[in-house]
Amino acid sequence: MLLLALILVSPSQAGCRTIPDTARITSIGRFSDMQYTEEHAYGRSVDLWRAGNCIFGLLEISEGPAGDTPTGLLTDVRSTTAGALSFIAKLTTGITSVDGSPGWVPSRDLFVFTGRLGTRALEGRLRRLDQLRPGVEPADSHIVLRRVPEQDGVFDDAKTYGKWREALEPILRFRGPKW
């Protein structure tokens with residue numbers, strides 16, 4: 001996986017690895033294909049923000065009961081002015097059994113996105129790699145996430161990157177990757 005991470009780092013966004021806490025941020029938008037039933041939610045959502053030339057955000061993946069959707073921070077984000085976008089996100093989408101383990105363990109799901117960001121949609125290829133089973137073929141899917149109204153006001157008061165990170169900490173502590 002190290003090779004993938006190195007390929008996805010953009011030279012033009014090398015300075016984005018450490019965004020200053022005082023950097024002003026703006027929302028790019030929320031993109032989703034989430035579907036809901038009375039008790040369940042299925043799909044993906046990507047929330048994107050910008051600080052100067054840096055894009056950052058969150059990936060949510062839901063595959064069951066609604067609420068407390070697994071959430072991962074986007075890393076190794078790469079973008080171009082033409083709209084190309086790629087990123088990596090670590091998530092724990094559930095629990096699984098692993099050979100040699102006496103019980104259930106948190107999953108280690110690595111998602112790699114490569115595609116295009118438009119004004120109305122985020123479209124591209126999303127690969128899911130099982131980090132507990134490196135020999136298993138990755139699950140690939142073509143996704144089209146439509147821009148949707150931003151839902152909750154968790155980040156409404158976050159006008160700087162530092163305030164955004166503060167608002168994010170409790171979310172990742174509870175819904176973030178367990179690895």
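Leu126 is buried, with a relative accessible area of 5%; buried means under 20% relative accessible area, exposed over 50%, and partly exposed in between, with a 1.4 Å probe and protein chains only. The place of Leu126 is strand β10. Helices (H or I, at least four residues) and strands (E, at least two) are DSSP runs, numbered from the N terminus. Leaving out residues up to four places away in sequence, Leu126 touches Arg44, Ile61, Phe111, Val112, Phe113, Ala139, Asp140, Ser141 and Ile143, where contact means heavy atoms within 4.5 Å. The C-alpha atoms of Leu126 and Thr96 are separated by 21 Å, and the two residues are 30 apart along the chain.

This is a predicted model, in which local features need pLDDT of at least 70 and side-chain atom pairs count only at pLDDT 80 or more, while totals for chains, interfaces and linings use all residues. Residues are numbered from 1 along each chain as its sequence is written, and side-chain values use heavy atoms, with hydrogens and water left out.

**Strand β10, continued**

Glu123 is also found in strand β10, which covers residues 121–130. Glu123 is partly exposed, at a relative accessible area of 37%. Apart from its neighbours within four places in sequence, Glu123 is in contact with Phe113, Gly115, Arg116, His142, Ile143 and Val144. Between Glu123 and Ala84 the C-alpha to C-alpha distance is 9.7 Å, with 39 residues separating them in sequence.

**Overall build**

The protein contains 2 helices and 11 strands. Read from the N terminus, its elements run α-β-β-β-β-β-β-β-β-β-β-β-α. The radius of gyration is 16 Å, close to the 16 Å that the globule rule gives for 179 residues, so the protein is as compact as a globular protein of that length. That radius is taken over C-alpha atoms, and the globule rule is 2.2 Å times the number of residues to the power 0.38. The C-alpha trace spans about 45 × 40 × 30 Å along its principal axes.

Of the 179 residues, 42% are buried. Among contacts between residues at least 6 apart in sequence, 50% join residues at least 24 apart. The protein exposes about 10300 Å², of which carbon and sulfur atoms supply 53%; accessible areas come from the Shrake-Rupley method with a 1.4 Å probe, and for residues only the protein chains shown count as cover.

There are 22 positive and 21 negative side chains, and the centres of the two sets lie 7 Å apart. Lys and Arg count as positive and Asp and Glu as negative, while His and the chain ends are not counted. The place of a charge is taken as NZ of Lys, CZ of Arg, CG of Asp or CD of Glu.

**The disulfide**

A search of the whole structure finds 1 disulfide, defined as a pair of cysteine sulfur atoms within 2.5 Å. Cys16 and Cys54 form it, with their sulfur atoms 2.0 Å apart. The pair links distant parts of the chain, 38 residues apart: Cys16 lies in the loop between α1 (2–8) and β1 (26–32), and Cys54 in strand β4 (residues 54–65). The link of Cys16 and Cys54 is left-handed, with -85 degrees about the S-S bond. Both Cys16 and Cys54 are buried.

**From the β4–β5 loop into β5**

Two residues of this stretch, Asp68 and Asp76, are set out below for their backbone angle. Most residues other than glycine have a negative phi.

| Residue | Location | Phi | Relative accessible area |
|---|---|---|---|
| Asp68 | loop between β4 and β5 | about 50 degrees | 52%, exposed |
| Asp76 | strand β5 | about 50 degrees | 22%, partly exposed |

Thr69 sits in the loop between β4 and β5 (71–79). Thr69 is buried, with a relative accessible area of 14%. Its contacts, leaving aside neighbours within four places in sequence, are Glu60, Ile61, Ser62 and Arg175.

Thr71 lies in strand β5 and counts as buried at 1% relative accessibility. Under the exclusion of neighbours within four places in sequence, Thr71 is in contact with Leu58, Leu59, Glu60, Lys90, Leu91, Ile171, Leu172, Arg175, Gly176 and Pro177. Glu60 and Arg175 thus appear among the contacts of Thr69 and also among those of Thr71. Thr71 and Pro138 are 67 residues apart in sequence and 20 Å apart in space, C-alpha to C-alpha.
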